[in-house]
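Me: I am new to this structure. Please take me through one part of it closely, and show how that part fits with what surrounds it.

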Amino acid sequence: PIFDTLHRAIAIGGRLVPGVEEPGKKPGGKYINSRETRLFSKSETLYGLNLVKDAISKTRSLTVVEGYTDVVAAWQAGLRDVVACLGTALNQKHIRLIKRFADRITLVLDGDDAGKRRANEVVDLFVANDVDLRILTLPDGQDPNEFIEAHGSDSFQQLVSAAADAIDHKIRVETTGVDLTRDTHAANAALERILLTISQISSSLIAVSAETMLRQDQLLLRLSRQFGVDRHQMKQRLLELRSKADATAFQNRDNISPVKIDFSKLKRRESELIQLLVYMPQHLDTIVENIPCCLFTAGPCRQLYEHIDACFQNGGGTGFDDLMLSLECPDLKNLLVYLDGQWHKKQSSLLEQAADGEHDLLAEMISVFRNLENESGNRKTISDLHQHQLNEQEELSTLEALLNQTRQRHGL
C-alpha cells in the first residue's frame, strides 16, 4: 500500500520479481502502480514518507532512493529516514513536498550508467530550488537493496554521511576523463556545464546570503585553479548565465509578457535607488522618509518605487522574491528582473562604495534627489521671473536665494 503523509492509503504499488514473469508475455516496467487519480499522483508522492516524517523531525535530513524494495530493505536494516520515488523522476512537485519535512537531502542512485545520468539531470533542479542536496552513487552498479544485503546498514549509512555536495558531484562527473590541460575544447565545454549549474543559484539568494556568496567565491577559485582560467572572467560568464536563468525562471513561473520598457531610457540614479532598496533594506525607512515618489520621473521606475513604498508601509516584504510575487504588472516584473541582472552584472559598484562609507553613500543619494526637488522648484521660480509676476524687491530676493542655493550646491 502507498500512503499519503496523513497515513491514508491512496494507491497500491508493486515490483515484478525477477525470473517469474508470465511465460510468453513480454515484461513491462519493473514497478507497477495504481492508476493516477485525484488522490494519487506519482509526481506528488514519496513512498514511506508517512513513516519517516516523525523520525526526521529533529534532523530534517532525508535519504531518497529509487524503489520500494530499497525502502523496505533500509527499514529492515533499521534505517528510518529513507523514502522512494514511485517509478518517476524527481521533479518540482517532489521538491516542494520534501522541503516541508527536510532541509538536507541525500539522493542515492544505482551505480549503473542510468543512475549516473539521472544524478546529472536532477542537480540543476535542486540547486535552483535552494535545497542542500548530496548525491551518492553506489559502487559496482549495486542498488541500495543489494548493497545493504552485502555490506550491512552501517556501511550504507557511512556512505550516505560522506555523500558529495551536488555541485562537487557535478564537478567530479564533468571532469572525469578530461585532460584539462591539453584538451581545451572538452575542458571549456565541461566548465560551461559546471557554471550553468552554479548559475541556477538565484541572484536574490546570493544577495542576501553571505554564506552562499562565500561558497560561490570558493567554487570559482577552485575552478580557476583546476581549469587554469582567470577567476574574474569566469565570474563574468557566471553572471551572464545567472541573469538568463533568473529571467527564464520568472518568465516560466509568472508568465511574464515580452518586455515593453526601453531600459536604455531609464534614469541611472532612479535605477540605483531601487537597487539600493532591494539589496540594502536596512536603509529603506530612511530613503522612503526622505525621498517622496514625486521626485521620480513619471514612468516604470516611479511605479516600482511607489509599489516598494506601499509594501513597506503595509509591512510587506521588499526583497526581490517578495516583490516578484506581489507585483501584478508584467512590465514592472521585467523591470525588476532587469535591475537585478544589472546589479550583479556590474558586480554591485554601489555595494563597493557602501563598504567604504555606507552612510556617505546614503547621504549622497538623498542629496541628489533633494537637488532634483530644488531644481524643480527653481524652474517654476525662474518661469515666474521671466513672466514678470513679481515686483522689483521680490525679484531681487528671489534671485539672491537662487544664487545662494547654487553656491551651496557647489560648496562655495
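Reply: Here is a walk through one strand, the core, and one helix.

This is a predicted model. Start at strand 7, residues 104–109. Five of its six residues are buried, so the rest of the structure largely encloses this strand.

Strand 7 has partners. One is strand 5, residues 61–65. The two run parallel and are joined by four bridges. Another is strand 8, residues 132–137. Strand 7 and strand 8 also pair in the parallel sense, over six bridges. Follow Leu107 to see both pairings. In strand 5, Val64 stands opposite Leu107. In strand 8, Ile135 stands opposite Leu107.

Now look at the packing. The largest nonpolar core has 43 residues. Leu62, Val64, Ile105 and Leu223 touch the most other members. Helix 8, residues 184–198, gives this core its largest share, six residues.

Take Leu62 by itself. Leave aside its neighbours within four places in sequence. Leu62 is then in contact with Val52, Ile56, Asp81, Val83, Ile98, Ala102, Arg104, Ile105 and Thr106. A second, separate core has 37 residues. Among them are Phe320, Met324, Leu335 and Val337.

Leu223 leads on to helix 10, where it is one of the buried residues. Helix 10 covers residues 210–227, 18 in number. From first C-alpha to last, helix 10 reaches 26 Å, close to the 26 Å expected at 1.5 Å a residue. The buried residues of helix 10 are Thr212, Gln216, Leu219, Leu220, Leu223, Ser224 and Phe227. Seen down the helix axis, they fall within an arc of 135°, so they line one face. A general rule helps here: an α-helix has 3.6 residues a turn, so residues three or four places apart point the same way. On the other side of helix 10, Ala210, Glu211 and Arg225 are exposed. After helix 10 comes Gly228, with a positive phi near 70°.

Turn next to helix 1, residues 49–52, which holds Leu51. Leu51 counts as partly exposed, at 48% relative accessibility. Arg80 lies 29 residues from Leu51 along the chain, yet their C-alpha atoms are separated by 8.0 Å.

Last, the cysteines. The structure holds zero disulfides. Cys301 has 3% relative accessibility, so it counts as buried. Cys329 has 30%, so it counts as partly exposed.

Note on methods:
Residues numbered from 1 in each chain as written. Predicted model: local features only at pLDDT ≥ 70, side-chain atom pairs only at ≥ 80, totals over all residues. Heavy atoms only, no water. Buried < 20%, exposed > 50% of the residue type's maximum accessible area, 1.4 Å probe, protein only. Pairing = 2+ DSSP bridges. Disulfide = S-S within 2.5 Å. Core = buried A, V, L, I, M, F, W, Y, C linked by side-chain atoms within 4.5 Å. Contact = heavy atoms within 4.5 Å. Expected span 1.5 Å × (residues − 1). Arc of directions from axis to C-beta.
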